[in-house]
Amino acid sequence: MDIKVLLISALLGFASYVRSKTDSNICISANAKTCGECIQIEPQCAWCKDPGFKPSRCDDRDSLEKVGCTPLGIENPRGTVTIDKNKPVTNRKVDGGQNLRPDEITQIQPQKLTLNLRSGESQKFTLKFKRVEDYPIDLYFLMDLSDMQTNLENVKNLGTELAREMRQITKDLRIGLGSFLEKPFIPVMPTYLKNPCFPNNCTSPFSYINVLNLTDDTALFTQEVSKQKISGNLDSPKARFQAVMQAAVCTEVIGWRNVTRLLVFSTDAGFHFAGDGKLGGIVRPNDGKCHLENNMYNMSNYFDYPSISQLVDTLSDNNIQTIFAVTQQFKDLYQELSALIPKSAVGTLSTSSSDVIKLIIDAYNSLSSEVILENSRLPEGVSISYISHCKNGVSGKGENGRKCSNISIGDEVLFDIEITAKGCPSKGKSETIMIKPLGFTEEVEIVLNFICECECHKEGIPNSPQCSDGNGSLECGACRCNEGRLGRLCECSRDEFLTDDLDANCRINNKMDICSNNGECVCGTCECNNRDNPEERYSGKFCECDNFNCDRSNNKLCGGHGRCECRKCICDANYAGSACDCTLDTSTCLASNKQICNGRGICECGVCKCTDSKFQGPTCEICPTCPGVCTKHKDCVQCRAFGSGDKKDTCEKDCSYFNLIMVKKKDELPQPNDQPYINHCKERDANDCWFFFTYATRNDNTIEAHVAEELECPSGPDIIPIVAGVVTGIVLIGLALLLIWKLLMIIHDRREFTKFEKEKMNAKWDTAENPIYKSAVTTVVNPKYEGKL
């Protein structure tokens with residue numbers, strides 16, 4: 001390939017690369033004025049703090065090094081993950097199975113981390129969770145006393161039996177009791193206020209009572225349950241949410257520990273929720289705070305029922321797992337409610353206390369076999385994602401990445417967590433978020449530090465003389481202007497310009513360098529740089545033009561046949577092309593017939609480009625695959641030279657376009673060197689005779705055909721030798737067939753004779769008398785004959 005073509009291709013390729021690099025470089029297009037702004041654009045953006053650095057200071061690291069920034073002058077801070085507290089998860093077998101305090105048991109690791117986050121750069125870490133054997137449990141039984149006599153009797157027998165069964169799960173069990181009814185929706189007569197079941201006997205109405213704080217004394221639990229009496233009300237739905245809310249938020253009163261917290265809720269009816277308080281004239285929203293006085297909820301007539309979302313948040317914040325023990329009639333209703341409350345389960349009540357115990361244990365096993373991670377509210381601009389690695393190689397992403405199911409005691413599962421910040425959340429202040437498994441009190445503390453400034457920011461020089469005599473601070477090699485000043489060196493006053501971004505007036509667009517990197521932006525106007533060669537210069541509003549970066553040909557700018565203006569060649573007359581290397585002169589394209597490219601192509605830059613694919617050569621006159629002039633002119637040559645052929649009747653009309661010259665023999669025909677492009681032809685006539693001629697176009701465009709008068713006709717075949725040969729062949733073939741047949745018969749006869757001889761020798765003749773043979777002689781003996789004569 002021509003060296004010129006290679007050079008042009010390389011230059012065009014490099015220019016295309018530079019343009020695509022600039023167009024796609026978000027670091028430059030964001031027009032960051034400080035190092036802090038630069039590193040918040042994208043993770044790959046870096047800042048050059050070298051003094052006097054002319055190109056864009058904000059770019060990727062490789063690009064900055066290519067344009068001359070020193071490695072030590074590049075600011076490119078990266079995020080980090082630091083583990084501050086990493087206590088191993090508890091292994092009770094390793095620890096000898098001894099009793100441990102709840103605060104000595106660890107189920108999640110690590111417990112505290114610090115993340116330094118840069119905008120757009122994610123930081124990853126892994127959390128380990130292990131279900132510890134014999135983990136303490138606090139179980140609070142919340143019972144509906146609205147005419148549930150059968151349920152009450154079951155609960156009276158529940159304490160001792162439940163403690164015995166739960167000992168198989170944990171040795172550290174505490175149990176408590178609460179009861180609830182409803183806001184006082186009853187007749188206001190004094191009789192009904194004291195005894196809403198009148199004329200039957202029952203306790204006075206109430207909203208919620210904490211009957212027994214959490215205790216390890218199961219006998220006391222049984223004793224307190226036996227004292228409970230049912231009550232009554234006008235409507236069926238109960239103040240369930242109100243009771244659950246108080247049981248959840250009154251942590252100190254109830255005695256909740258930082259262990260597994262179970263709230264067993266037993267009822268045979270539906271529930272009220274926010275807004276239903278209007279039935280009793282109560283419109284104040286529930287405040288979600290503890291209001292127990294002498295273990296009784298005393299704000300029932302003041303606050304409305306909690307909302308479902310309020311209850312969900314409260315149970316989650318207090319790490320309480322809820323078990324709904326309800327009658328079959330309301331099972332579907334509470335299953336829909338359970339779907340809204342994480343770490344909750346629903347079971348069906350029966351008439352046996354043993355079934356209630358089984359319900360509680362089954363529900364606990366179901367809840368504790370699933371781990372669901374949740375995080376506290378994230379700062380604006382911060383996102384988090386989870387990938388779970390559960391038992392049997394099962395992994396999950398998205399929402400499924402937060403949880404693992406079917407976890408047994410002693411199993412370990414892992415969660416890969418990725419946290420990403422965009423921009424500089426919280427104005428650079430540290431934030432703390434918490435991640436915890438739902439239903440467990442343990443949580444992981446994560447401190448988020450946001451990288452909003454570069455290290456060189458701390459070394460800034462206030463009111464630096466380099467920033468237009470103290471009109472700005474010199475930070476990281478660039479000026480950060482004081483209030484009211486603009487420009488790269490703070491040389492302009494804000495009052496004189498309509499925009500704060502003076503550099504924008506010095507860019508063709510946001511994706512290009514300031515003044516095309518060929519000049520300085522002085523108060524919104526480009527001042528182009530000078531070249532060492534005085535004949536070379538930059539020009540244009542944005543210094544985007546020059547007179548020395550045009551295409552070259554033969555190592556000459558614009559091929560020596562034009563001038564360079566704004567990186568484009570303006571060609572002289574009779575020249576064209578990007579490098580003015582294409583001549584418009586067509587004399588080199590003339591064929592022998594004086595036609596340009598023989599009428600079979602076009603002349604470009606003095607070279608023929610054949611448009612007919614069958615023709616080739618410098619002037620498109622060579623056609624290797626064409627039928628040829630021989631076949632084309634055969635009929636005319638035959639009719640004029642021999643008066644025969646397909647055109648003998650129209651010979652004078654169709655075949656007078658060439659001069660006919662007759663010669664005696666084919667050896668007398670012109671040879672190829674006698675004239676250009678001569679064609680030697682050999683064609684067959686109707687009698688199978690060959691005739692010979694040449695066809696040529698002379699320089700004066702006259703056509704000559706030389707024809708040999710002597711024909712070459714094939715001689716007839718010699719009949720006698722052919723017949724004799726055929727007859728001889730037939731006879732010889734017949735004799736050969738007879739001989740073969742005779743040979744085969746001899747072989748066959750000999751085989752048959754040999755077989756006969758062999759059978760003859762093996763024959764055995766029987767000499768015994770034939771049993772059916774009778775002799776022809778009959779002998780008669782005289783019975784009187786005694787043998788005497």
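1. Let's start with one ring: Phe642 counts as partly exposed because its relative accessibility is 29%; buried means under 20% relative accessible area, exposed over 50%, and partly exposed in between (1.4 Å probe, protein chains only). Its partner Phe691 is at 1% relative accessible area, so Phe691 is buried.

2. A word on the ground rules. This is a predicted model, where local features need pLDDT of at least 70 and side-chain atom pairs count only at pLDDT 80 or more, while totals for chains, interfaces and linings use all residues. Residues are numbered from 1 along each chain as its sequence is written, and side-chain values use heavy atoms, with hydrogens and water left out.

3. Now the whole chain. The protein chain has 16 helices and 42 strands; these are DSSP runs numbered from the N terminus, helices being H or I with at least four residues and strands E with at least two. Of its 789 residues, 41% count as buried. About 44400 Å² of the protein chain is exposed, and carbon and sulfur atoms supply 52% of that (Shrake-Rupley method, 1.4 Å probe; for residues, only the protein chains shown count as cover). Taking contacts with a separation of 6 or more, 59% are between residues 24 or more positions apart, where contact means heavy atoms within 4.5 Å.

4. On to the aromatic pairs. Rings of Phe, Tyr and Trp (its six-membered ring) pair if their centres lie within 6.5 Å; planes under 30 degrees apart are stacked, over 60 edge-to-face, and the rest tilted. The count by this rule is 13 aromatic pairs. One of them is Phe265 with Phe324, edge-to-face at 6.3 Å centre to centre and 80° between the planes. This pair links distant parts of the chain, 59 residues apart: Phe265 is in strand 11 (residues 260-267) and Phe324 in strand 14 (residues 320-326). Both Phe265 and Phe324 are buried.

5. Back to Phe642 and Phe691: they also form an edge-to-face pair, with 5.7 Å between centres and 65° between the planes. Here helix 14 (residues 629-642) supplies Phe642 and strand 41 (residues 690-697) supplies Phe691, 49 residues apart.

6. Some rings join up further. Phe180, Phe241, Phe265, Phe271, Phe324 and Tyr334 are linked into a cluster by ring pairs.

7. Charges meet rings too. Arg640 has its charged end over the ring of Phe658, 4.7 Å from the centre, and Lys666 does likewise over Phe692, at 4.6 Å. The rule asks for NZ of Lys or CZ of Arg within 6 Å of the ring centre and within 35 degrees of the ring normal.

8. Have a look at the backbone as well. Most residues other than glycine have a negative phi, and most peptide bonds are trans. Gln109 and Pro110 are joined by a cis peptide bond, with omega about -5°; Pro110 is in the loop between strand 5 (108-109) and strand 6 (112-117).

9. Two cysteines deserve a glance. Cys476 has a positive phi of about 55° and lies in the loop between strand 23 (472-475) and strand 24 (478-481); Cys476 counts as buried because its relative accessibility is 7%. Cys566 has a positive phi of about 50° and is in the loop between strand 33 (562-565) and strand 34 (568-571). With 39% relative accessibility, Cys566 counts as partly exposed.
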